[in-house]
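Subject: Structure for you to look at

Dear colleague,

I am handing over the structure we spoke about, with its sequence, and would be glad if you could read the notes below with the model open beside them.

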Amino acid sequence: MRYPLDEADIDARDKMLDSALLALVNKQLTLHQVSSGLKEVFGQMDSGNRGGAQDWFKNGLEHMSRIKD
């Protein structure tokens, strides 16, 4: 079952996306880390795992920083 994102989720998602792109531009994260992280968070949303997606919205940069190149 899919769970639509509410307004707070959408705001958190947008903030995470902005932060990930800024970290990429500032060379704090690599393209591979950001790309892999975004694929993961979109996979969470597509599968209806709202809790998993919310975790990525909140902790996305931390999760992405642990992805190995």
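What follows goes from the overall fold to the core and then to single residues.

Please keep in mind throughout that this is a predicted model. Its secondary structure amounts to three helices and zero strands, and the order along the sequence is accordingly α-α-α. When the C-alpha atoms are boxed along the principal axes, they fill roughly 35 × 20 × 15 Å. The radius of gyration is 12 Å, which agrees with the value near 11 Å that a compact globule of 69 residues would have. Among contacts with a separation of 6 or more, 66% are accounted for by residues 24 or more positions apart.

As to the surface, the accessible area of the protein is about 4,600 Å², and carbon and sulfur atoms make up 55% of that area. Of the 69 residues, 29% count as buried. The charged side chains number 9 positive and 11 negative, and the centres of these two sets lie 5 Å apart.

Which residues form the largest nonpolar core? There are 12 of them, namely Met16, Ala20, Ala23, Leu29, Val34, Leu38, Val41, Met45, Ala53, Trp56, Phe57 and Met64. Each of the three helices, H1 (7-25), H2 (31-46) and H3 (50-65), supplies at least two residues of this core. In soluble globular proteins, nonpolar side chains tend to be buried together. One member of the core, Leu29, can serve as an example of how the contacts run: leaving out residues up to four places away in sequence, Leu29 touches Ala23, Leu24, Val34, Leu61, Met64 and Ser65.

The loop between H1 and H2 deserves a careful look. Lys27 is found in this loop, and its phi is near 60 degrees, a positive value in a residue other than glycine. Most residues other than glycine have a negative phi. Lys27 counts as exposed because its relative accessibility is 75%, which is over the 50% cut-off. Gln28 has its place in the loop between H1 and H2 as well, and with a relative accessible area of 59% Gln28 is likewise exposed. The C-alpha atoms of Gln28 and Leu61 are 9.6 Å apart in space, although the two residues are 33 apart in sequence.

In helix H2 I looked at three residues. Gln44, which has its place in that helix, counts as buried at 14% relative accessibility, since the limit for that class is under 20%. Apart from residues up to four places away in sequence, Gln44 touches Asn49, Gly52, Ala53 and Trp56, and of these Ala53 and Trp56 also belong to the largest nonpolar core. Gly43, found in helix H2, has a relative accessible area of 32% and is therefore partly exposed; its C-alpha atom is separated by 14 Å from that of Leu5, which is 38 residues away along the chain. Ser36 is placed in helix H2 too. Is Ser36 buried or partly exposed? At 21% relative accessibility it counts as partly exposed, because the buried class requires a value under 20%. From Ser36 to Phe57, a step of 21 residues in sequence, the distance between C-alpha atoms is 14 Å.

Helix H3 gives two further residues to compare. His63 is found in this helix and, at 16% relative accessibility, counts as buried. If its neighbours within four places in sequence are set aside, His63 is in contact with Asp55 and Trp56. Trp56 is thus a contact partner of His63 and of Gln44, as well as a member of the largest nonpolar core. Arg50 also has its place in helix H3, but with a relative accessible area of 26% Arg50 is partly exposed. Between Arg50 and Gln33, which are 17 residues apart in sequence, the distance in space is 22 Å from C-alpha to C-alpha.

With best regards

Note on methods: Residues are numbered from 1 along each chain as its sequence is written. This is a predicted model: local features need pLDDT of at least 70, side-chain atom pairs count only at pLDDT 80 or more; totals for chains, interfaces and linings use all residues. Side-chain values use heavy atoms; hydrogens and water are left out. A nonpolar core is a set of buried Ala, Val, Leu, Ile, Met, Phe, Trp, Tyr and Cys residues joined through side-chain atoms within 4.5 Å. Buried means under 20% relative accessible area, exposed over 50%, partly exposed in between (1.4 Å probe, protein chains only). Helices (H or I, at least four residues) and strands (E, at least two) are DSSP runs, numbered from the N terminus. Contact means heavy atoms within 4.5 Å. The radius of gyration is taken over C-alpha atoms; the globule rule is 2.2 Å times the number of residues to the power 0.38. Accessible areas come from the Shrake-Rupley method with a 1.4 Å probe; for residues, only the protein chains shown count as cover. Lys and Arg count as positive and Asp and Glu as negative; His and the chain ends are not counted. The place of a charge is taken as NZ of Lys, CZ of Arg, CG of Asp or CD of Glu.
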